[in-house]
Amino acid sequence: MDAAAQNEGQEPLVGPIAASAALKGSAEISEARDMARDFLTSVQAEHGLLVSARAMGMVQLVVSELVTNARKYAPGPCLLRLEISEGSVQITVWDSDTTLPSVRAADAERVGQHGLEIVMAVSQSFCVHREPVGKRITASVVLADDPGGDAVGRQAR
């Protein structure tokens, strides 16, 4: 089914579809995952955009990993923003720590510290920006899988 047929009879998107929250404690990591799930559920119900089960799970995973890192390594609150853009959800986490994260090389012997490795593997894009105060990390996850059933994301090179 083409995109025009899928969206027939629905209102066109006006302005950004987004949600954001300030997170202050480690208990809010689960609340961030819940926020992501609720956001994507409303995107489906209110805007009729397709969100695959894979995308629902991957967005919650990416949110959990990025917010966990922010809460673990940065003092003060972090900000989470979810925004729909061009068939993907942009997951942005800002925190006050100026130290940019480093992705470690894959190591099956290492216990822990695989979060960013996982985020990069399941995201279509991943970028880090230094801010005047702190940093902003953005990852993008495609909402709908390929009609052929293949998961959409970065291809192994």
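Biologist: In this predicted model, which residue in the turn between strand 4 and strand 5 has a positive phi?
Modeller: Strand 4 and strand 5 form a hairpin, with 4 residues between them. The two strands pair in the antiparallel sense over 6 bridges. One of the partner pairs is Arg130 with Lys135 of strand 5. The turn residue with a positive phi, about 85 degrees, is Gly134.

Biologist: Is strand 5 largely enclosed or largely open, and how many of its residues are buried?
Modeller: Buried means under 20% relative accessible area. Strand 5 is largely enclosed by the rest of the structure, because most of its 8 residues meet that cut-off. The number buried is 7.

Biologist: How many bridges join strand 3 to strand 5?
Modeller: These two strands run antiparallel. Ser88 has Val142 as its bridge partner in strand 5. Gln90 stands opposite Ser140 of strand 5. The bridge count is 8.

Biologist: What is the order of strands in the sheet?
Modeller: The sheet is open, holds 5 strands and has antiparallel pairing. Its edges are strand 1 and strand 4, each of which pairs on one side only. Neighbouring strands are turned by 15 degrees against each other on average, direction ignored. The order is 1-2-3-5-4.

Biologist: And along the sequence, what pattern does the protein follow?
Modeller: There are 4 helices and 5 strands to place. Read along the sequence, they give α-β-α-α-β-β-α-β-β.

Biologist: Where does Glu83 sit, and which residue stands opposite it in strand 3?
Modeller: Glu83 belongs to strand 2, on the uncovered face. Strand 2 pairs with strand 1 in the antiparallel sense over 7 bridges, and there Glu83 is the bridge partner of Ala18. Strand 2 also pairs with strand 3, antiparallel, over 7 bridges. In strand 3, the residue opposite Glu83 is Gln90.

Biologist: Which residues make up the covered face of strand 2?
Modeller: In a regular strand the side chains alternate between the two faces of the sheet. The uncovered face of strand 2 carries Leu79, Arg81, Glu83 and Ser85. The covered face is Cys78, Leu80, Leu82 and Ile84.

Biologist: Which residue has a positive phi in the turn between strand 2 and strand 3?
Modeller: These strands form a hairpin with 2 residues between them. The phi in question is about 50 degrees. The residue is Glu86.

Biologist: Which element gives the most to the largest nonpolar core?
Modeller: Nonpolar side chains tend to be buried together in soluble globular proteins. Here the largest nonpolar core has 34 residues, and Leu66, Val89 and Ile91 touch the most other members. Elements giving two or more residues include strand 1, helix 2, helix 4 and strand 5. The top contributor, with 8 residues, is helix 3.

Biologist: Which residues of strand 2 does Val89 contact, leaving aside its neighbours within four places in sequence?
Modeller: Contact means heavy atoms within 4.5 Å. Val89 contacts Phe39, Leu40 and Val59, among others. Its list also includes Ala139, Ser140 and Val141. From strand 2, which covers residues 78-85, it has Leu82, Glu83 and Ile84.

Biologist: At what angle do helix 2 and helix 3 pack?
Modeller: Helix 2 lies across strand 1, strand 2 and strand 3. Helix 3 lies across strand 1, strand 2, strand 3, strand 4 and strand 5. Their meeting residues include Ala36 and Leu40 in helix 2, and Val59 and Val63 in helix 3. The crossing is right-handed, the axes are 9 Å apart, and the angle is about 150 degrees.

Biologist: Is Pro77 buried, partly exposed or exposed?
Modeller: Pro77 lies in the loop between helix 3 and strand 2. Not counting residues up to four places away, it touches Leu23, Lys24, Arg71, Trp94 and Asp95. Its relative accessibility is 37%. The range between 20% and 50% is the intermediate class, so Pro77 counts as partly exposed.

Biologist: What share of contacts with a separation of 6 or more comes from residues 24 or more positions apart?
Modeller: One distant pair is Pro77 and Ala22, 55 residues apart in sequence and 6.5 Å apart in space, C-alpha to C-alpha. For contacts across the protein, the share is 63%.

Definitions and conventions:
Residues are numbered from 1 along each chain as its sequence is written. This is a predicted model: local features need pLDDT of at least 70, side-chain atom pairs count only at pLDDT 80 or more; totals for chains, interfaces and linings use all residues. Side-chain values use heavy atoms; hydrogens and water are left out. Buried means under 20% relative accessible area, exposed over 50%, partly exposed in between (1.4 Å probe, protein chains only). Two strands pair if DSSP finds at least two bridges between them. A nonpolar core is a set of buried Ala, Val, Leu, Ile, Met, Phe, Trp, Tyr and Cys residues joined through side-chain atoms within 4.5 Å. Axes are lines fitted to C-alpha atoms, for helices over the stretch in contact, and angles run from 0 to 180 degrees between N-to-C directions. A crossing is left-handed if the near helix is turned anticlockwise from the far one by less than a right angle, and right-handed if clockwise.
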